[in-house]
Each structure stands twice: as C-alpha cells, then as structure tokens.
Amino acid sequence: MPIDLDAYLARIGWSGERRPTPAVLKSVHRAHITGIPFENLDPVLGSAPSLALPDLEAKLVHGDRGGYCYEHNTLLAAALRALGFETTLLTARVLVGAGPDDVRPRTHMLMLTEVPGEPVPYVTDVGFGSIGALLEPIPLTADTEVHDTPRRHRLVHAPHDGPLETWTLQAHGAETDGWDDQYAFTVEPFQRPDYEVINWYIATHPRSPFARSVYAQRTTDDTHLSLAGRTFTETAADGTRKERELADAAEVLAVLDEDFGIRLPEGTRLPE
C-alpha cells in the first residue's frame, strides 16, 4: 500500500516541486524533524508500536502523535520512495552516554538515500531522539563537516573488526565543546523483519529505557525541547538551557500536549 503523500507533506508543512533532488531531500528531512515530534509513549503505556505503514500514517500523520526511530524512519522512507528516491535501511549502535568499552546492540534505525546524479548516498535520519540528531541528511563522506544550522555534523571512520567499514556520526557541541559521538553503523542493509524484532525488544524488555520512562523531543527553527522522565529542558539555538522538574504525571501529559503537540486519548494515565 503506497503512502498518502499529500497527507504526509501537509503534516510536515512542506510544499515544493516533487523531484528527487538534493534540495528536496534536505528540505523534506528538515520539515519532518520540525513537523513531527519524537516520543515513546506506546512502550511506556505497555505496547509495541506497529510499524505497518497504515498504522504509522494513522498515528504520526493524522493522529497528533509522534514516534521513535523505527516509526519516523519507516514513514520517511516510504515518502522518499514516493518522491523518486532510493533508500536502504540500516541500523546503528547508539554511542551517546556509552563508556569507552561499552558494546551496545544495534537498536537505532537510519537509512542511506540515493539521489540521482549524486556520487555518494546521504545518511538520512529523522528518528534520533537527541539534541545531536541530524537536521538535514549528510553525504556518506569521511571527515567533511556539514552545517545543518544551527547544528554541525560530520562522519568519521571508526576502528572495526568485520569486513565492512564502520562509520561514526558526530555532532559538534551536542554535550561538550568538541565533537561528540552519536552512533556508529555499517552499510549492511536491514529488512522489515529485522526491525520488527528490534522494535519488540526495545518496546517490551523490562530493562529497556524506552519501556520505563517517557522520552519526547521537539525541534523548531530556534529551539530544542526535551522531556526525559519529568525533566523538561528547553535549549536555544545559542546553547542556552532552561530546565525544570515537572510535578507529576498529570503535568507531564499537559506539557506533552501544550509544548510537544502530542495529544493522547482522553483518560490516558501515565505511570507515576
């Protein structure tokens, strides 16, 4: 079943010539990031979100909701294919918060997007719930800095044991004043059943952070909003941060509605 491209583009507030060009890829990517919030409320409320396209459209396009990486990037991949791009789905090991010797599983979904006439594909990712996330795609080229204003990113090669090169996405100043590792990946393609397994694990495993606490992100042109548990943080484009603790689950629901544009069914109760 093809995506309802008109409804999707209306949801992210994008209009333009529907051709597979670098400019279209960048502008659709940024419009998606700023148009649909990141959130993990389905796992917190006890269910694994569906990755079926009709369900994603009902939730993220028509339902005043967001989602996490598998939902966002599955939806974007369908839209990009409808626009004439070719995409290859990948997975990554998240490095944010990891120690030097930590080896995390591949639980993050991203993709490569081929643009006709371009020599290298673009790393494309609208589902990384972090202030270090890409605002625009970045070419798969090592050590070339990209200014996706107000953010800066680059890709570097990382040591690896297998036959495929390992790439690391870095963001400048996301947590420090230097280059911060975000995630590491190879270009091995993954398929829908792979994500069904990963999605189930992340949504239901008792030690998964996404199953235990609310996480939400919203990016605008000049502000990044983050909710982690009951900690609500607003970060301006110049790095200035304001942080406050929310009182209870009722205030969390109010902030999700008013600040993130995430509207849950009436009567929804979050775990205290």
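This passage looks at one sheet and at the aromatic pairs in a predicted model.

The sheet is an open one, built from 5 strands with antiparallel pairing. Reading across, the order goes β1-β10-β11-β12-β13. At the edges sit β1 (38-39) and β13 (241-245), and each of these finds a partner on one side only. Further in, β10 (residues 215-219) and β11 (residues 223-228) run antiparallel and are held together by 5 bridges. Within this pairing, R218 of the chain stands opposite L225 in β11.

Then there are the aromatic rings. A pair of such rings is described by how far apart the centres are and by the angle of the planes. The count here comes to 8 aromatic pairs. One of them joins Y68 and Y70: the ring centres are 5.1 Å apart and the planes stand at 80°, so this pair is edge-to-face, the cut-off being over 60 degrees. Both Y68 and Y70 are buried. F190 and Y195 also form an aromatic pair, this time a tilted one, with 6.3 Å from centre to centre and 45° between the planes. As for exposure, F190 has a relative accessible area of 16%, so F190 is buried, given that buried means under 20%. Y195 comes out at 2%, so Y195 is buried too.

Y68 and Y70 turn up again in a wider group: together with F38, F210 and Y215 they form one aromatic cluster. Two of the cluster's residue numbers also fall in the sheet, with 38 in edge strand β1 and 215 in strand β10.

How values were computed: Residues are numbered from 1 along each chain as its sequence is written. This is a predicted model: local features need pLDDT of at least 70, side-chain atom pairs count only at pLDDT 80 or more; totals for chains, interfaces and linings use all residues. Side-chain values use heavy atoms; hydrogens and water are left out. Two strands pair if DSSP finds at least two bridges between them. Helices (H or I, at least four residues) and strands (E, at least two) are DSSP runs, numbered from the N terminus. Rings of Phe, Tyr and Trp (its six-membered ring) pair if their centres lie within 6.5 Å; planes under 30 degrees apart count as stacked, over 60 as edge-to-face and the rest as tilted. Buried means under 20% relative accessible area, exposed over 50%, partly exposed in between (1.4 Å probe, protein chains only).
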